[in-house]
Amino acid sequence: MNMKKIIMICAVLVSFLGLADGNAHGALPANFPGITTHIYDANAIADGYVFLTVSKNVEDVGYYVMILENDGTVVWYKELPDDYSYDFNVQQNGHLHYAQLFHHHTYAGGGDVVHVILDENFNEVETIEAGNGYVAEAHDFQILPNGNVLLFGYYLSEVDMSQIVPGGHPAALVSGAIVQELDSQRNVIFQWRSWDYYTFEDFFSTLTNDPRAKKAAINTFHLNTMNQDSDGHIFVMTPQPATRLPRSGWVKKINRQTGEIMWTLGGDYNEFTFVGVDPNEAPGHFSGHGFHRIQNGNVLNYDNGARDLTISSRVHEYKLDEQNKIAEHVWTYVPDSIISGLGRGNAQRLPNGNTMIGWGNVKGTPNPTATEVTPDGKKVWELYFDNPKVGSYRAFRFPYPPQSQAIEYTEFELATGNTYDFNDTGVTIKVISGGGGYNEVTVTREPYAPVYPVFTGKAPRVLPVRVKMTESELPSMTAEISFDAESFGFDDSFCFDDPNVLTVYHRQTPGYGLFVPLSTNYNWVTKQLRATMTQFGEFIFCYPDIEDVPYAPMLIEPESYRGVQEHMVIAPPLADPCVVYSVNQELPISLSWSPKGFARWYHLQVATDAGFTALVVDESWMTEARYVFETAGPNTTYYYRVNTTNEGGTSERSTGSFATVPPMVEVTAPNGGENWRRGLDYFIKWNDNLAEDVVIKLYKGDTLVQTIGTVPSDRAHEWEVDLALEPGCDYSIKVKSSTNGALFDMSDDAFSIDVPTGDFDCDGCVQLDDLAVLVGEWLEEQSGLIADLHENGKVDFNDFAIFAENYWTGASCP
């Protein structure tokens, strides 16, 4: 190692350790959590610092992200202002990331966040949010080596679960997951929504007796892990649920080209055969918070332990044969004593082969926050928060800062015709022209992806390594530059093994600007990747991404869109193109769609005729999958269509229609003939196209009895019938706009409260005159039959049995 490199590394470390903003070498704040570590084998611990968060609300403890030494000494920290962060880690480009929580979910766990990016000097350089009107979620985030990002969030769909699950809520809000890939300009170029690929009927078909499927808010597709696999597709994972559906955890792989599910690993719908492990136990190994591909091509998984206090959380390594769907269990770590990490957590394979484990939300004792173990399962290091209530969502170990990982070498007095080997950098250059005289050239190689790369057209995939070449007294030079495949690991690292497909890209200013491809070839004999350079700057190594195929987008709105309420993005599942949906002509009309696979741009047209000759909207090169139509006319039918353009071409169009109608309310239940019991819960139901709340009132005859409440216009409200109400057959419900008293509807006919079963004429007694009604409808089959006491759409012996059981009952019977 030359003296210049030694001086540079020392300067970097001194600067890193002395940063004023989070310098922890003075007194720590009073609300900083106490930390205890155990070093069992200092020589076996992997290099790097420990990265943690305070991911719980704990009295007298602040919301911190922190970097620690092995003995617990705090190197750097930042107290977050309003709420805690889930992750704090080093991304593949060397930047830091944490997720700043600003709203806790009540329906899917976690919370809404802004993803905050810090540079190596801890300066905030970017905040990243979800696109297409969705809100990013806390559990995971990834900056890809090509500068794109992966993130996910949730959305809610209003579903009449009473049609799917007995006793289901008629206007349940069912959560779905959304995965997005954003390009360098933070436009959405890939979007996957769970309910675009599943139907509610199929999903809930095995859950008809599960009480969680009958709630007003149903938590499904609770994703907590998401990352890009080595083949370019996407892993997503959900844990073993406590209050969520489905009933078991799993890993799914999403095809980025089509959005389709490629396979499911673990859980109730597992598709893999397990080898080297109990096949009855193995499907439960994937109920955790960490699943990703590791350097040797296997996958590493943190298993929370099925939320069972008798089963320890643990780590599994599997070798997957995806073609034949065989999962071979090759390694596991189970602690000597049960550690019940019931939620959160992760496992990270370290460069020396050790595994870093973040135990997540631990219940009981022992309750470590993080443990590092060797390949043979020996503990070498462990960390505890002194207050057992404090927890870190995940725990990581990274060398830091990025400059500390640099390999650097300088050559002097480069001359035309000579070849120069830049030592351990793995770089060689042969000067073709421009050398001579006193000069120097420095090559710096770092094991990180480029910062903010920009490409013309679709970004290629990029290996996470960058080379910087700078000069002194040598303003221009043409040279053949060679990169040693073995030194760089082009043939066996990065889960990548084909240097023949690599292209060297270059930009003149390191850390900024457009990368352009250089003519590149690979010599498989000498194992050199070669290109011709004419400028100094930054060099990276790229290969083609999955091919774009243009699929027609999937229409979402207009349908029964409810807008954004309390940070919840409420959007329907896919719209039916054969249905003309009605929308409130006095409100802006939201049009939205979701891409299938890759998308770059959209072309939207709205017309007043099905032939699209009378266009009122014609928007091309749109980068967002949504549009707000604010100039619609009243009582008009509109037709709309949209297509997708990507690097593969332009798709066919998806077409839908909608009609503008005046604001409306329509009561659907109770709507005449119902007999509700005091003290029991029933759903008041209505249809509307309103944005404002509605007021629900109860009438007896023409007299207002009570105002049940002012509620959101969710089209269903669960009401417990007041015990103090007088029994009667002349009740009705009124639902009206909270802002326009003239806009209302009432039950079409009266309903009853606590009238005896079978008292069809409502005289307070079940007797012969009521039997005459039953006989009059005998064996009829249709909806709305008065004597259908069995509620099966017909009048038969079932109804007669109920009638007979209640004959001659009621307060008015002699």
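**Notebook: a surface patch, a helix start and a small sheet**

I began with Leu768, which sits in helix 4, residues 768-776. A reminder to myself: this is a predicted model.

Is Leu768 buried or exposed? I looked up its relative accessible area and found 58%, so I noted Leu768 as exposed, the cut-off being over 50%.

Next I asked which residues join Leu768 in a nonpolar patch on the surface. They are Tyr807 and Trp808, and the three together have about 320 Å² of accessible area.

Trp808 led me on to helix 5. Trp808 comes just after that helix and takes a positive phi of about 65°. I then went to the other end, the start of helix 5 (residues 797-806). There, a side-chain oxygen of Asp796 comes to within 3.1 Å of the backbone nitrogen of Asn798.

My last stop was an open sheet. How many strands form it, and in what order? I wrote down 4 strands in the order 14-15-16-17, with antiparallel pairing. Strand 14 (225-228) and strand 17 (261-265) are at the edges; each has a single partner strand, so one side of each lacks a neighbour in the sheet. For the twist, I have an average of 15° from one strand to the next.

I took a look at one pairing inside this sheet, too. Strand 15 (residues 234-238) meets strand 16 (residues 250-254) over 5 bridges, in the antiparallel sense. Which residue of strand 16 does Phe235 stand opposite? I found Lys253 there, across from Phe235.

How values were computed: Residues are numbered from 1 along each chain as its sequence is written. This is a predicted model: local features need pLDDT of at least 70, side-chain atom pairs count only at pLDDT 80 or more; totals for chains, interfaces and linings use all residues. Side-chain values use heavy atoms; hydrogens and water are left out. Patches are made of residues with over 30% relative accessible area and no salt bridge: like charges are joined within 9 Å, nonpolar side chains (Val, Leu, Ile, Met, Phe, Trp, Tyr) within 5 Å. Accessible areas come from the Shrake-Rupley method with a 1.4 Å probe; for residues, only the protein chains shown count as cover. A salt bridge is a side-chain nitrogen of Lys or Arg within 4 Å of a carboxyl oxygen of Asp or Glu. Helices (H or I, at least four residues) and strands (E, at least two) are DSSP runs, numbered from the N terminus. Buried means under 20% relative accessible area, exposed over 50%, partly exposed in between (1.4 Å probe, protein chains only). Two strands pair if DSSP finds at least two bridges between them. Axes are lines fitted to C-alpha atoms, for helices over the stretch in contact, and angles run from 0 to 180 degrees between N-to-C directions. A polar contact is a pair of N or O atoms within 3.5 Å; within protein, one must be able to donate a hydrogen and the other to accept it, and residues adjacent in sequence count only if both atoms are side-chain atoms.
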